[in-house]
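User: I should like to learn how local features of a protein model are read. Please take me through them one at a time.

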Amino acid sequence: MKITSFETWRCQRKESLFDSSRTGRSPMNWDVVVLRLTTDTGLTGHATALAARSSIVTQAYLHENIAPVVMGRSPVEREAIWHELWTIDRHLTFFPIYLPGPVDVALWDIAAQDAGLPLYQFIGACRTSLPTYASSLFMAKAEDYVRQLRAYKKRGFPAYKAHPPGPWRKDMEIHRALREAAGDDYVLMTDPVADYSLEEAIRVGRDLEKLDYHWFEEPFRDFELAKYAKLCAALDIPIAGTETTRGGPWGVAQAIAFNAVDIVRADVSWKAGVTGTLKIAHLAEAHGMRCEIHCTTMGFMDMANLHVSCAIKNCEYFELLVPEEPFRFPMKDKYPIDKNGIAHVPQKPGIGVALDWNAIDRTCAEHKITKLK
């Protein structure tokens, strides 16, 4: 079995999903590139690539730099392909952080289908479900977060994570308002995606400890390892990081070696696919740490995340960015989350969810195909 066709659809979307004050001068359009690999046996594997502000570049990377490595190869050569793409990244290409993960996901999708197994079973099953936490966007006011918390708590979600907008004093007000609204026993986390000073982060962290928050995530840029190490030493609340750390498992290894985090983050989009995410999860497990899987902001890839999360032991929650509907594209299926907020891993072979090809075709700006000659 070998890859004979490499197709992409560059899909343009009108939604502006993130506050421009946190992402630059103008709101980001959340464009998506859909990838399909086809084998000579007729099996197809799918994935999606993040393409905010750069969908044309993403599509070019895929066809010009990644397709030549994949074409004519067997899907079982995932490890060799993964390392070859890292070599190209170092010497030539400098991939965006969200590439080349998608091609690795598509290869795993094919291999699991060929085995007739759901992806998590093909990897090695640990469980079939995980509790979900609702993960907010940036919002303007504390009451906006409280309103959303109450809505998802009513829907049965057992936990909620805020992305407060800053500055740090306002973030503390939001943290307090959420605890008051949630009650003493409800699980809360926070991820300010911040540029706090060390002193500010310590003040916020100590307040979070009094409020009994479950973890404190990304108060600094992920490369500020010395600051993270000092913060971890100063606080009891678990510090989560490495979400955007470059270098996949090698980058995360540096954070662990520096005692810079208590919980590591990874996902199939930003950490070089299923292969890269598994390496990070197992690295964290060997150090007695959790690897909390980060949402990809794309429904299909988040289902790949769920498969990985159910194939490892050291992930506690499934993250769902909310409101969830704008991020479900191009997945046709609804998120498999029950009335108690439990996410159940799909049971069909491969990743096991369908894509909405009508929506893909309707939003497609360009379809490109590379075929084996």
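The dialogue below treats helix packing, burial, contacts and backbone geometry in turn.

User: What kind of model is this, and how are residues numbered?

Analyst: This is a predicted model, in which local features need pLDDT of at least 70 and side-chain atom pairs count only at pLDDT 80 or more, while totals for chains, interfaces and linings use all residues. Residues are numbered from 1 along each chain as its sequence is written, and side-chain values use heavy atoms, with hydrogens and water left out.

User: How is the packing of two helices described, and at what angle do α8 and α9 pack?

Analyst: Helices (H or I, at least four residues) and strands (E, at least two) are DSSP runs, numbered from the N terminus. Axes are lines fitted to C-alpha atoms, for helices over the stretch in contact, and angles run from 0 to 180 degrees between N-to-C directions. Helix α8 (residues 198–210) and helix α9 (residues 225–234) pack at about 30°, their axes lying 10 Å apart. That angle makes α8 roughly parallel to α9 (angles under 35 degrees count as roughly parallel, over 145 as roughly antiparallel, 65 to 115 as roughly perpendicular and the rest as oblique). The crossing of α8 past α9 is right-handed (a crossing is left-handed if the near helix is turned anticlockwise from the far one by less than a right angle, and right-handed if clockwise).

User: Which residues make the contact between α8 and α9?

Analyst: Contact means heavy atoms within 4.5 Å. Leu198, Ala201 and Ile202 of α8 meet Lys227, Lys230, Leu231 and Ala234 of α9. By class, this contact of α8 with α9 has five nonpolar, no polar and two charged residues (Ala, Val, Leu, Ile, Met, Phe, Trp, Tyr, Cys and Pro count as nonpolar, Asp, Glu, Lys and Arg as charged, and the others, Gly among them, as polar).

User: How do α7 and α8 cross, and what classes of residue are in their contact?

Analyst: The axes of helix α7 (residues 168–182) and α8 come within 10 Å and cross at roughly 10°, and the two helices are therefore roughly parallel to each other. On α7 the contact uses Trp168, Arg169, Met172, His175 and Arg176; on α8 it uses Glu200, Arg203, Val204, Asp207 and Leu208. The contact of α7 with α8 has four nonpolar, one polar and five charged residues.

User: Where is an oblique pair found?

Analyst: Helix α2 (residues 55–70) and helix α3 (residues 78–93) have axes that come within 10 Å and cross at roughly 135°, which makes α2 oblique to α3. The crossing is right-handed. Tyr61, Asn65, Ile66, Val69 and Val70 of α2 make the contact with Ile81, Glu84, Leu85, Ile88 and Thr93 of α3.

User: Is glutamate 319 buried or exposed, and which side chains does it join in polar contacts?

Analyst: Buried means under 20% relative accessible area, exposed over 50%, and partly exposed in between (1.4 Å probe, protein chains only). Glutamate 319, in strand β11 (residues 318–321), counts as buried because its relative accessibility is 2%. A polar contact is a pair of N or O atoms within 3.5 Å; within protein, one must be able to donate a hydrogen and the other to accept it, and residues adjacent in sequence count only if both atoms are side-chain atoms. The side chain of glutamate 319 has such contacts with those of tyrosine 133, at 3.3 Å, and serine 135, at 2.7 Å.

User: Which side chain does threonine 8 contact?

Analyst: Threonine 8 lies in strand β1 (residues 3–11) and counts as buried at 0% relative accessibility. Its side chain makes a polar contact of 3.0 Å with the side chain of glutamine 59.

User: What is the general expectation for phi and for peptide bonds?

Analyst: Most residues other than glycine have a negative phi, and most peptide bonds are trans. Here, the bond from glycine 166 to proline 167 is cis, with omega near -5°, and proline 167 is in the loop between β5 (159–162) and α7. A cis peptide bond also joins valine 322 and proline 323, with omega about 0°.

User: Where do positive phi values occur, and are those residues buried or exposed?

Analyst: Phenylalanine 94 has a phi near 55° and is exposed, with a relative accessible area of 55%; this residue is in the loop between α3 and α4 (101–115). Alanine 272 has a positive phi of about 60° and lies in the loop between β9 (263–266) and α11. At 5% relative accessibility, alanine 272 counts as buried.
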